[in-house]
Amino acid sequence: KLFKNKHSSHTETCLEFGSDFALPKIGEINFLPLIPFFILSSNNAKKETRKKDCIMEDEKNIESNDNTTSHTPNANSVLVNEYQLVLFETPSNEEMFKFLTKEEVEIVKERQLPAFDAITSQFATWIGSEITQKYKKEEENKFNPKHLVYGEISFEAFAAIFSLIKNKYSGLANGGKFYDLGSGFGKAVLSAAMLHEFDECIGIEILPDLIAKAQDMAKIASEKYPNELKCAAMTNRLGNILEQPDWMDGSVIFCNSTCFERTFIAKLAELGYQCKIGTYFISTTKSLADPYWKLLETVDLKMSWGRVTVHIHQRIDPTAEETVS
């Protein structure tokens, strides 16, 4: 799958393969291991230092996020004709487990992850992508097409995020509300309900067909795996997160913001001023970059579209000398 970066001043082509796809040969170069993620950049730009983040897979196309800074990857590269081939390693489960305690890893591996996989088995990412594509084609004037790019969280990544907040920042008491802004099938809602004792876990999604699937999945979880839910109250509802901003009472807020424009994210950050001090806001690829939201942690984790930079923020009073945690 090739993508030419329209925002770049030089030719850049991106190539992605699924984690179970083996690229046997390019030209005279043989690739024996499975290679989950590639970025090809033109040879005339190979001397330029560039910092790129993840690429979101949407149906059969790859869309790149817009000029977002991230960690410069450590990767080997080889020349293939006129292109510089740079190999990225998507973080493995074991790499993400390093953020968890030994006890947490055992629970995730033995109980939570098998339950999560069983619950979500009927709700594959490609189905969400097809639904999103349908809305792009049929109602292109109603939605911003840049925002209709489907990607999903991984349970392991969410376990790492919650463990970081709990163990490193000691800031996740029982109770409160979890929100996913742009929740798709509700897999982040399900993950949060399995990982922490919230009073309620809520997903807000603008596409009705995705909400219907999310409600079906939550029903399966409640009926077949009630013992794996630390929060039994899961709600997935239709809404516009900017026009109906009723998520400010959340204690933890997640937004898969990889394909959101900077202006959109800035509006979310500003609306979040109404959140209480100490609220956590988790974003992907782009940080909030706002004085009312302190950036606590930036980590690379695995999602459905490959490696992604995750930002953990906390709502603060910028006029105060110390952050409330």
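## Helices, salt bridges and a buried serine

Let's start with two helices: H2 and H5 pack with their axes 11 Å apart, at an angle of about 150°. Before going on, keep in mind that you are looking at a predicted model.

What does that angle say about how H2 and H5 run relative to each other? Angles over 145 degrees count as roughly antiparallel, so H2 and H5 are roughly antiparallel to each other. The crossing of H2 past H5 is right-handed. Which residues meet here? From H2 come Gln112, Ala115, Phe116, Ile119 and Thr120, and from H5 come Lys187, Leu190, Ser191, Met194 and Leu195. Hang on to Lys187, since that residue turns up again below.

Now zoom out for a moment. The protein has 325 residues, and 53% of them are buried. Its secondary structure comes to seven helices and 16 strands. Take the contacts between residues at least 6 apart in sequence: 70% of these join residues at least 24 apart.

Next up, charged side chains. Side chains of opposite charge can pair when their charged atoms come close. How many salt bridges does a search of the whole structure find? It finds seven, and the table shows three pairs from this structure.

| Pair | Closest N to O |
|---|---|
| Arg111 and Glu228 | 3.3 Å |
| Lys134 and Asp209 | 2.3 Å |
| Lys187 and Glu152 | 2.6 Å |

Look at Arg111 and Glu228, joined by a salt bridge. Arg111 belongs to helix H2 (residues 102–120), while Glu228 sits in the loop between helix H6 (208–224) and strand S12 (234–238), so this pair ties together parts that are 117 residues apart in sequence. Are the two partners buried or exposed? Arg111 is partly exposed, with a relative accessible area of 44%, whereas Glu228 is buried at 16%.

The salt bridge between Lys134 and Asp209 also links distant parts of the chain: Lys134 is in helix H3 and Asp209 in helix H6, 75 residues apart. Lys134 is partly exposed, with 32% relative accessible area, and Asp209 counts as partly exposed too, at 28%.

And here is Lys187 again, in a salt bridge with Glu152. Lys187 lies in helix H5 (residues 187–195) and Glu152 in the loop between H3 and helix H4 (155–168), so the pair ties together parts 35 residues apart in sequence. Lys187 counts as buried, with 9% relative accessibility, and Glu152 counts as buried as well, at 6%. So Lys187 has two roles in this picture: a partner for Glu152 and one of the H5 residues that meet H2.

Back to helix H3, the home of Lys134. H3 covers residues 125–138, which is 14 residues, and its first and last C-alpha atoms are 20 Å apart, close to the 20 Å expected at 1.5 Å a residue. Which of its residues are buried? They are Ile127, Gly128, Ser129, Ile131, Thr132, Gln133, Tyr135 and Lys136.

Finally, pick out Ser287, which is found in the loop between strand S14 (280–284) and strand S15 (293–303). Why does Ser287 count as buried? Buried means under 20% relative accessible area, and Ser287 has a relative accessibility of 18%. What does Ser287 touch, leaving aside neighbours within four places in sequence? Its contacts are Arg262, Ile265, His311 and His313.

Terms used:
Residues numbered from 1 in each chain as written. Predicted model: local features only at pLDDT ≥ 70, side-chain atom pairs only at ≥ 80, totals over all residues. Heavy atoms only, no water. Helix = DSSP H or I, 4+ residues; strand = E, 2+ residues; numbered from the N terminus. Expected span 1.5 Å × (residues − 1). Buried < 20%, exposed > 50% of the residue type's maximum accessible area, 1.4 Å probe, protein only. Salt bridge = Lys/Arg side-chain N within 4 Å of Asp/Glu carboxyl O. Axes fitted to C-alpha atoms, helices over the stretch in contact; angles between N-to-C directions. Parallel < 35°, antiparallel > 145°, perpendicular 65-115°, else oblique. Left-handed = near helix turned anticlockwise from the far one by under 90°. Contact = heavy atoms within 4.5 Å.
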